[in-house]
Amino acid sequence: MAGIQTCISGSLPKPEWLAEPEKLWSPWLLDGDELIEGKKRAIKIAVEEQLKAGISIITDGEQTRQHFVTTFIENLSGVDFKNKKKVRIRDRYDAVVPVVFEEVKRLKPVYVHDARYLRTQTNNPIKYTLPGPMTMVDTLFDDYYKSREILALKFAEILNSEAKELEAAGVNYIQFDEPAFNVFFDDVKHWGIRCLEKAVQGLKCKTVVHICYGYGIEANINWKKTLGNEWRQYENIFPLLAKSKINQISLECQNSKVPIDLIKLLRGKDVLVGSIDVATKEIETPEQVYQTLKKASEFVETKNLYACTNCGMVNLPKYIAYEKMKSLVNGSKLLSKELGII
Ligand SMILES: [Zn+2]
């Protein structure tokens with residue numbers, strides 16, 4: 001075994017010539033062919049940075065999307081982006097969002113072209129991220145299906161077609177981002193897991209679900225303050241995920257109040273332990289990363305343990321994201337050495 005594998009949850013900062021830095025949802029600074037070329041160059045840079053930092057599973061840094069949910073939805077038909085409406089997101093904050101007005105369809109592949117390009121940039125395993133069905137539903141106003149469950153099932157079918165093409169393009173890990181799983185526990189039980197399983201149906205590559213407490217935006221920081229001294233949200237969903245077809249679960253553990261022993265509820269699954277806090281510019285030391293992984297390692301078998309970030313790093317300054325990746329790698333090495341696996 002070549003030591004504990006490392007990866008980021010998905011996004012990295014974009015170059016300052018492509019989009020305004022340190023901003024979520026930052027608009028593109030290029031257009032037309034320049035934008036197409038610019039996105040490619042940005043993927044190339046994101047790969048180089050990850051490889052230089054020593055990361056083992058490589059993503060495209062989400063360089064071709066503005067937002068982890070809406071950019072995917074923008075590529076579907078049946079959604080109106082002009083006449084947006086206000087909804088409450090994750091039961092936490094209001095946002096003006098696109099409206100589903102007729103049947104949603106994927107008329108063409110969304111990220112498959114980018115994934116093919118990513119594949120040419122490294123021989124390491126690669127990961128691609130997609131929004132999860134429940135989180136997609138929770139980031140829209142539905143004026144057509146009038147049922148979160150039916151719309152989520154529809155999205156699951158669409159995601160499944162996209163995922164199969166990503167797999168054929170050489171993607172080794174396909175991740176679904178489902179922060180909404182941490183909020184709507186009844187829905188997760190009744191249809192959330194079923195929709196996720198539909199999205200991964202027939203895939204042979206590894207499948208991942210990422211469930212975090214959100215980026216370091218004010219609404220999320222305030223929400224975290226209301227969660228008390230022990231964040232036990234995962235306790236509701238881990239037993240369901242343990243029984244599901246999903247191979248890997250990506251979690252927020254660094255600087256979080258999640259009782260680490262909850263990981264044992266995921267027995268048999270790979271656990272991507274979030275060992276880098278993306279809500280602070282403070283760079284973790286390798287020792288801090290090691291401590292978090294060490295604690296997690298008591299509840300998950302070594303072969304199932306992966307080191308990851310809590311969430312995406314899109315809104316961090318570039319050099320900080322890079323240094324955080326280096327600490328992730330070096331902290332993982334400390335534990336790998338102790339375990340005698342490198
Ligand atoms: Zn996240």
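The legends below walk through several close-up views of a predicted model. In this predicted model, local features need pLDDT of at least 70 and side-chain atom pairs count only at pLDDT 80 or more, while totals for chains, interfaces and linings use all residues. Residue numbers start from 1 along each chain, following the sequence as written.

**View 1. Helix H6 has a bend at Trp-191.** Helices here (H or I, at least four residues) and strands (E, at least two) are DSSP runs, numbered from the N terminus. H6 covers residues 185-200 and bends by about 50° at Trp-191; the bend is the angle between axes fitted to the seven residues ending there and the seven starting there. Trp-191 is also one of the buried residues of H6, along with Val-188, Gly-192, Ile-193, Cys-195, Leu-196, Ala-199 and Val-200. Buried stands for 20 or more other C-beta atoms within 10 Å of a residue's own, exposed for 12 or fewer, and partly exposed for anything in between, with C-beta atoms placed from the backbone. What covers these H6 residues includes helices H4 (133-137), H5 (148-168) and H8 (233-242), plus strands E6 (173-177) and E7 (206-211). Cover is a matter of contact, meaning C-beta atoms, placed from the backbone, that lie within 7 Å. Just after the helix, look for Gly-202, with its positive phi of about 80°.

**View 2. Strand E6 is covered on both faces.** Five of the five residues of E6 are buried. Tyr-173, Gln-175 and Asp-177 sit on one side, with Ile-174 and Phe-176 on the other. E6 pairs with strand E4 (residues 127-131) in the parallel sense over five bridges, and Tyr-128 stands opposite Ile-174 there. Pairing takes at least two DSSP bridges between two strands. E6 also pairs with E7, again parallel and over five bridges, and here Gln-175 stands opposite Val-208. Put H6 back in and you get a right-handed β-α-β unit of E6, H6 and E7: with the strands pointing away from the viewer, the path from the first strand over the helix to the second runs clockwise.

**View 3. Helix H5 lies across a three-stranded open sheet.** The strand order is E2-E3-E5, and the pairing is mixed. E2 (76-89) and E5 (141-142) are the edge strands, each pairing on one side only. E3 (residues 93-106) and E5 pair in the parallel sense over two bridges, with Val-100 opposite Asp-142. H5 crosses E2, E3 and E5, running at about 70° to E3; the axes are lines fitted to C-alpha atoms, for helices over the stretch in contact, and angles run from 0 to 180 degrees between N-to-C directions.

**View 4. Asp-91 has a positive phi without being a glycine, and so does Lys-146.** Asp-91 comes in at about 65° and belongs to the loop between E2 and E3. Asp-91 counts as exposed because it has 10 C-beta neighbours inside 10 Å. For Lys-146, phi is about 55°, and the place to look is the loop between E5 and H5. Lys-146 has 9 other C-beta atoms within 10 Å, so it is exposed.

**View 5. The buried residues of helix H8 share a side.** These are Tyr-234, Ile-237, Phe-238 and Leu-241. They cover an arc of only 115° around the axis, so they end up on the same side of H8; the arc is that of the directions from the helix axis to the C-beta atoms. Their cover includes H6, E7 and strand E8 (248-252).

How values were computed: Two residues are in contact if their C-beta atoms, placed from the backbone, lie within 7 Å.
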